[in-house]
Amino acid sequence: MSWIENAVIYQIYPRSFADGGGDGVGDISGIRARLPYLRDLGVDAIWLSPWYTSPMADAGYDVADYRDIDPLFGTLQEGTALIDEAHALGLKVILDIVPNHCSDQHPRFQAALKAGPGSPERDFFWFRDEPANDWTSLFGGPAWTPVPDGQFYLHLFAPEQPDWNWGNPLVRKDFEQTLRFWFDRGVDGFRIDVAEALVKVLDTPGGYRNQEGVHEIYRSWRNVADSYPDKRVFVGEVWDPDFTRFLRHDELHTVFNFAFLSCPWDATLMREVIANTLDTHKKVGAPPTWVLSNHDVVRHVTRYGRTDTGHYWIPELYGSDADLTLGIRRARAAALLALSLPGCAYVYQGEELGLPQVENIPVELLQDPRWVRSGGTDRGRDGSRVPLPWSGQAPPFGFSPDDIAPWLPQPQSWAGLTAEVQATDPASMLTLYRSALKLRPGWEGEVSWMEMDDEVIAFRRDELMCLVNFGNEPVAVPEGAGIVLATEPISETLPTDAAVWLRPPS
Ligand code: NOJ
């Protein structure tokens, strides 16, 4: 059994985790200094959003050199030291690989621009004499941008992120070398950015989603991973509902569960998503994953505090009323739910502190390309990327040295949410996560649903009973069951928007 089958993986967004260098931006030295925090939290692995050399047009998801680290974050030597130190603390390390596109500053794209139409250099990308279709960029605006000689190139994201042509065998070879480069340095796995989009069929609407050719790429990646004695792993960013095709035994090990992340706070819908997830993964023999937030979506404390608790990309929801007290209660319950299900769970940095989305960042400070690309209508994802509050009473809350302003402003209200304050508060979100992660390795076996009120999700896994009350009324806790961990103070009944782990009655 691979370690990823029941791991808890903590996502680090390097620019917002901890600033060791004192320039307002998080970096590798900051992460290294905080590794003991992650060990004490009880996670099994870290996934680092991209740290590669990049002009940062999309916060590092525009890579100019896949085999080096951007000076903003540190050096290659520091990166390898981080990997070794994480391993010494028992933490696995997953890097983020971005194979759909690179940066327009990548030497191969620069060479393509110079070499001109029809050249082998241009064949690394999608150059055409005119836009080959009407695809739009996922960040807004057209997906084709002209270059000075009149040709256009394809970019599913920002114009600074030209898409690789995976039909070119040299692209494949190059990426396999990159995988080996990092595997040789001890990296345990990769999170694959936009994993479903690598292969394009230009004359088909949506012809970049889950095309058959993409699976062959991952088969050869799997061969690379399996060529290491302690087999390395992949997790794919796949939004396509037909994700199981990526989970064949010779392709990716896991994909993110975006159905769970997107599910509204509703017992029936949640039960359905969980049952489907378990069922579809069982059929292909792959471990399910449980994800509530990441650096692209509204933090779930805010999402669960809104009237509409589903996940939406729609910018109109920006700043819509959120009851954060309610959001926190539900986020606590969601944590126990996610951490008691079989498979692999993700924790997005700051989720363990119960951070909400920050929705009042002054527009002149926004850095997400979605803001500019949407003509100032979509404020983008910066609100989920605000630097973490570690300690102290005022910004920068120990993220940076006291006199340095972090790259995005932190709300003063985060004084009550610092890791320092929460570490000693038995009722805090941090304490809940620490307790849950300590207990989690004890849960084994398959989920068997318990018959209870429709508004309650209730299941057993051998020695664990998990109950989550989505309804408006308290529900009775099964008689004789022992309380192991609860999100709210409980005795005989479980209040609304609360969860409990129980030891079954003997
Ligand atoms: C998904 C990443 O998570 C997101 O942050 C990025 O902007 C796009 N892929 C493009 O790389």
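Helix axes that meet at an angle under 35 degrees count as roughly parallel. That cut-off is worth having in hand for this predicted model, where helices α1 and α2 pack at an angle of about 15° and are therefore roughly parallel to each other. Helix α1 covers residues 28-41, helix α2 covers residues 76-88, and their axes lie 10 Å apart. The crossing of this pair is left-handed. On the α1 side, the contact draws on I28, S29, I31, R32 and L35, and these meet E78, G79, A81, L82, E85 and A86 of α2. Sorted by type, the residues of this contact come out as six nonpolar, two polar and three charged.

Next up is the pairing of α9 with α12. Helix α9 spans residues 324-340 and helix α12 spans residues 429-439; their axes come within 10 Å and cross at roughly 10°. With the cut-off at 35 degrees, α9 and α12 are therefore roughly parallel to each other as well. From α9, the contact takes in I328, A331, R332, A335, L336 and L339, while α12 puts in M429, L432, Y433, A436 and L437. The make-up here is 10 nonpolar residues, no polar ones and one charged.

Helix α12 also touches α1, so to speak from another angle: the axes of α1 and α12 come within 8 Å and cross at roughly 60°. Y37, D40 and L41 of α1 make this contact with L430, Y433, R434 and L437 of α12. Five of the residues involved are nonpolar, none are polar and two are charged. Two α12 residues, Y433 and L437, turn up both in this contact and in the one with α9.

Zooming out, the protein has 12 helices and 20 strands. Its radius of gyration is 23 Å, close to the 23 Å that the globule rule gives for 506 residues, so the protein is as compact as a globular protein of that length. Taken along the principal axes, the box filled by the C-alpha atoms is roughly 75 × 55 × 45 Å. As for burial, 59% of the 506 residues count as buried. Contacts reach well along the chain, too: among those between residues at least 6 apart in sequence, 65% join residues at least 24 apart.

Terms used. Residues are numbered from 1 along each chain as its sequence is written. This is a predicted model: local features need pLDDT of at least 70, side-chain atom pairs count only at pLDDT 80 or more; totals for chains, interfaces and linings use all residues. Side-chain values use heavy atoms; hydrogens and water are left out. Axes are lines fitted to C-alpha atoms, for helices over the stretch in contact, and angles run from 0 to 180 degrees between N-to-C directions. Helices (H or I, at least four residues) and strands (E, at least two) are DSSP runs, numbered from the N terminus. Angles under 35 degrees count as roughly parallel, over 145 as roughly antiparallel, 65 to 115 as roughly perpendicular and the rest as oblique. Contact means heavy atoms within 4.5 Å. Ala, Val, Leu, Ile, Met, Phe, Trp, Tyr, Cys and Pro count as nonpolar, Asp, Glu, Lys and Arg as charged, and the others, Gly among them, as polar. A crossing is left-handed if the near helix is turned anticlockwise from the far one by less than a right angle, and right-handed if clockwise. The radius of gyration is taken over C-alpha atoms; the globule rule is 2.2 Å times the number of residues to the power 0.38. Buried means under 20% relative accessible area, exposed over 50%, partly exposed in between (1.4 Å probe, protein chains only).
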